[in-house]
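Visitor: Could you walk me through this structure, step by step?
Guide: Gladly! Let us look at it together first.

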Amino acid sequence: MLDRDLAELYGVTTGNLNKAVKRNIERFEGDDFMFELTNDEYNSLLNSMRFQNGIASQAKRPKVFLPYAFTEQGVAMLSGVLHSKIAIQVNRAIMRAFVTLRSQVASNSGIAAELEGGVVVSRTE
C-alpha cells in the first residue's frame, strides 16, 4: 500500500506518517517492509490509475517526493509507530489476527510442518 493510502486509513497526514517512519527507520530497514517507488514505477502507477478512471490525458505535474510503498510487514510495523487512536486499533487487530492464526496453525499439523520446513504428504482416497 502507498503511504498516502495508509495515512488516510490511519487518520494522519502523509507527512506525519513519513515523519514517524523516519524517526523509527531502523524498524523499516530492508525491502521487506517498505521501499520508495522509482520515477518509472510512479509514472506507470499514475498511467494505470488514469486508464482505470477513464481519464484520457492529464498534464503531468512534477513530483518532488516519490511515494513509499509498504508491504504487509511494513503495515504491521507502521501501526506500532503511529500514535493515533486508529493506529492503536489497527495494531491491536493485527496482533489478535496473529494470535488467531498461530492458534489455527498449531491445531493443523500439516500447516505447522509446512511452516517449519517439513514435508507434508497428502493422502489420496
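**Around helix α2**

Guide: The buried residues of α2 have a cover that includes α1, β1 (34–36), β2 and α4. Helices (H or I, at least four residues) and strands (E, at least two) are DSSP runs, numbered from the N terminus. Buried means under 20% relative accessible area, exposed over 50%, partly exposed in between (1.4 Å probe, protein chains only). This is a predicted model, where local features need pLDDT of at least 70, side-chain atom pairs count only at pLDDT 80 or more, and totals for chains, interfaces and linings use all residues. Residues are numbered from 1 along each chain as its sequence is written, and side-chain values use heavy atoms, with hydrogens and water left out.

Visitor: Which residues of α2 are buried?
Guide: Turn the helix so that its exposed residues K19, K22 and R23 face you; this face is turned away from the buried side. On the buried side, the residues of α2 are L17, N18, A20 and V21.

Visitor: How many degrees around the axis does their arc cover?
Guide: The arc is that of the directions from the helix axis to the C-beta atoms. The buried residues lie on the same side of α2, because their arc is only 155 degrees.

Visitor: Which residues touch the most other members of the largest nonpolar core?
Guide: A nonpolar core is a set of buried Ala, Val, Leu, Ile, Met, Phe, Trp, Tyr and Cys residues joined through side-chain atoms within 4.5 Å. The largest has 16 residues, and α1, α2, β2 (68–70) and α4 (72–81) each supply at least two of them. Those touching the most other members are Y10, L17, F28, F70 and L78.

Visitor: Is S79 buried or exposed?
Guide: You will find S79 in helix α4. Leaving aside neighbours within four places in sequence, S79 is in contact (heavy atoms within 4.5 Å) with Y10, A87, V90, N91 and I94. Its relative accessibility is 2%, so S79 counts as buried.

Visitor: Which element gives the most to the lining of the second largest pocket?
Guide: On a 1 Å grid over the protein atoms alone, a pocket is an open set of points where a 1.4 Å probe fits, with protein on both sides within 12 Å along at least five of seven lines; lining residues have an atom within 4 Å of a point. Eleven residues line this one, and D3, T14, N18, F65 and L66 lie nearest its centre. Two or more lining residues come from each of α1 (3–10) and α2 (14–23). With three residues, the one giving the most is α2.
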